[in-house]
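Dear colleague,

I am handing over the structure we spoke about, and below it you will find my notes on what was found. Please read them with the structure open beside you.

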Amino acid sequence: MFVAGLDGETPSQLSTSTSANGSDFALLASRLREALQAQRKVAIWQPDKPKTFQVVLVNKDTRFPPRKLVPPEDPTYSASHSPLSPLTPTSPLHPDGLIAPIWIRKHTTLVPSVFVLFLRIYEHPPSSAPTSPLDVPDINREREREMEERKRDTELAAEVAQRKKGTNERGIKLTVVLMATRKMLDDPTLDTRLTFIRRQSGLDSRAALFVLSPVSQSELGEFVKSLQQALYEPALEYYTAHSKRVRRKRNRHSQTSYPNPIQGASSIARPLRSEGWTVRYEYKMACFAEFRGEDEVALKSVKTVPDRVSLTHVLSIRHYQDAHSMLVVMFGSTAILPPRTKRWAEAKVLADCINLKIFCDFSRGWGLGEETFEYWSWIARQYRVLAELLEQGTRSTTLVIPTHRPKIPLNTNFMASQNNGSGRALAPSVLETETIRSLGKTSITSPGFSNEKKVDHLTIILELYTKAYELFKKHTAVNPQNSTPNRLTLWIAYRIAQTYYDSAKYDMAIRFFERIATVYRREGWNSLLQPLLSTWYACARELGDIELSIKLLIEMLGHGVGHISSSADGLEEITAPLRWGRGGCFIFSGSVSSESPTLIEVDRLTLHIEEEKWKIQIPIGLTTSRQYASPRWLTSVEPPRFLPIKRENSSSLSVKYRSHTLEVFLSHEPPAYLDEEYPITIDITNVDSRPFDVVVNVLIPPTEIDGAS
């Protein structure tokens with residue numbers, strides 16, 4: 001649906017309304033834009049298809065792409081073809097292309113099924129002089145009003161007729177919505193004016209003319225809903241007419257005979273064969289059937305089709321199947337579709353799109369979706385097949401996997417797809433989703449689900465992750481200066497460890513966690529280390545390893561602070577009871593002084609915890625960045641008060657000389673006269689605890705008065 005006329009009023013329209021009314025209509029246009037754009041969005045697959053439109057806001061004078069290369073008045077118009085047709089020499093598909101992706105864009109964003117035009121109906125400004133109900137109507141003023149209204153209505157009808165001329169050429173339904181004030185709705189001449197506008201502009205009598213006044217948000221939503229429902233049937237008729245036209249073309253081309261292709265003549269430009277025309281037209285009819293959506297008309301004459309499946313659904317599947325079947329025929333003949341050519345690559349992309357459409361259509365008819373195990377099983381198989389194809393291709397020298405190194409950090413799931421092991425990595429990831437979402441449900445009683453539960457998914461997941469790990473290590477560029485494993489390799493290793501944990505193989509999981517945590521600690525990946533520590537601790541607890549459990553708990557409390565090696569020489573030990581409740585605070589305070597300027601820095605700090613035979617040492621890095629606490633300095637002990645430190649190095653301070661404390665006073669007795677001595681007394685008082693030797697330099701600048709010195 002194209003919607004025009006909501007981009008603001010023209011100056012002539014603004015001059016015919018008061019400022020209050022103008023603001024009301026501006027608000028109405030804004031709300032209409034929001035309400036219309038909140039309708040159905042563009043998506044690859046939309047299983048739910050209510051009677052709503054994809055709305056595109058356009059200008060009133062927007063133009064459609066040309067239907068043919070020559071204008072309709074040209075004598076050769078009937079024999080000419082579309083700019084996207086393989087029969088057009090200037091087309092990108094000439095002479096043997098199937099269908100261009102821009103064709104989909106054309107029918108989703110460039111050419112609508114209905115066109116809604118919003119306009120302001122003229123309203124004569126009220127008289128400025130006060131009137132009374134007992135006054136006699138001014139005949140001259142009424143005649144002048146009628147003439148002006150007829151003139152403006154004629155101009156409006158001419159604008160609508162011009163727009164309708166363009167829509168009629170494409171078979172597009174045109175609907176006009178006239179915006180008027182509430183006062184205008186009570187005008188007895190409104191019906192006569194609407195009839196005149198409809199006849200003059202040539203609008204249809206069905207769902208072609210509406211009148212809307214500024215209303216509330218809820219009422220506006222009801223209007224948008226009723227407008228779409230009124231235009232839904234014309235939209236269906238538009239796409240039905242397209243399907244009939246395409247079907248006639250398909251039948252005409254299917255009866256055309258073509259010579260057999262010559263082997264070895266792939267470089268010679270040949271016209272599109274009947275198989276290609278069949279693919280082209282079947283795909284178009286499938287798209288138009290999909291555009292029509294569910295029309296609630298069941299195909300009862302076909303007994304193999306359930307009653308809940310609509311005619312549009314069946315036709316869409318059938319057309320996609322026919323297009324796919326013919327593509328298989330074309331791919332089976334290197335003479336019809338030579339490999340590694342541009343047309344061959346285009347046909348491959350089209351085949352992928354059709355495959356996805358077929359599965360989505362069938363899955364909807366079968367009641368499959370993201371909540372079912374069959375859907376995730378299919379997705380996992382697709383990724384596994386992709387991985388196996390890549391693996392087979394890389395064994396030869398003809399297929400080179402591109403290397404992608406993003407300049408910005410990306411999500412690990414997305415980054416995993418940038419390597420030839422992506423299929424191996426994504427397939428087990430999808431299987432994990434299937435296991436979590438679907439296999440945990442006990443309400444499913446189908447035989448397929450019973451068989452699926454017998455499958456050892458964790459073993460399959462572990463196998464695929466292990467293979468992905470090997471592929472990542474094999475194809476990752478090695479840096480001689482840095483032996484650290486690739487980030488993606490570590491992510492796969494983490495998934496392997498997680499799978500071992502889910503399989504209750506805790507000792508194997510711990511081996512992976514130890515190697516991964518070493519790298520994460522060294523490089524400061526605290527956000528990645530936290531979930532790893534949690535699972536690692538769970539493994540240690542299941543194995544009954546108390547020492548490892550306590551180490552991991554202490555590290556989890558520190559949110560990933562790494563080990564800092566230090567000696568105990570020269571350390572001052574402070575002993576205090578360390579049992580306190582939540583929210584408690586213990587302060588260890590001391591003092592330090594220096595007689596000369598210097599830099600005092602806390603080099604290291606170790607917290608010792610002793611509980612009977614247990615002795616735990618926790619080195620605390622004072623200069624490392626910590627996400628769990630901001631550095632603070634203690635400013636008061638009773639009560640405890642802290643000062644936040646914004647600078648990077650918060651564990652050091654500079655010792656400087658204390659500023660001198662002196663008090664200086666100047667005294668003199670004004671006024672002062674020319675050529676006389678004027679006494680000025682300087683009093684300097686030492687209020688510091690240190691004795692000072694004071695040297696005073698006095699400078700009395702000359703005055704700015706001419707002749708004075």
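The secondary structure of this predicted model comes to 19 helices and 13 strands, where helices (H or I, at least four residues) and strands (E, at least two) are DSSP runs numbered from the N terminus. Residues are numbered from 1 along each chain as its sequence is written, and side-chain values use heavy atoms, with hydrogens and water left out. Because the model is predicted, local features need pLDDT of at least 70 and side-chain atom pairs count only at pLDDT 80 or more, while totals for chains, interfaces and linings use all residues.

Of the 709 residues of the protein, 35% count as buried (buried means under 20% relative accessible area, exposed over 50%, and partly exposed in between, with a 1.4 Å probe and protein chains only). About 45,000 Å² of the protein is exposed, and carbon and sulfur atoms supply 54% of that area; accessible areas come from the Shrake-Rupley method with a 1.4 Å probe, and for residues only the protein chains shown count as cover.

The largest nonpolar core (buried Ala, Val, Leu, Ile, Met, Phe, Trp, Tyr and Cys residues joined through side-chain atoms within 4.5 Å) has 50 residues, of which Leu98, Phe115, Leu178, Leu327 and Leu350 touch the most other members. Helix α8 (residues 274–292) gives the most to this core, with 8 residues. A second, separate core of 32 residues includes Ile461, Ile492, Phe513 and Ala517.

Leaving aside neighbours within four places in sequence, the residues in contact with Leu98 include Leu272, Val279, Leu327 and Leu350, contact meaning heavy atoms within 4.5 Å.

Lys164, in helix α4 (residues 139–170), is a lysine that you may wish to look at: Lys164 counts as buried because its relative accessible area is 8%. Beyond its neighbours within four places in sequence, Lys164 is in contact with Leu174, Ser201, Gly202, Leu203 and Asp204.

Helix α18 (residues 526–543) has 18 residues, which at 1.5 Å a residue should span 26 Å, and its end C-alpha atoms are 25 Å apart, which agrees; the expected span is 1.5 Å times one less than the number of residues. Among the buried residues of α18 are Leu529, Leu533, Trp536 and Ala540, and what covers the buried residues of this helix includes α16 (487–502), α17 (506–523) and α19 (546–557). After α18 comes Gly544, whose phi is positive, near 75°.

With best wishes
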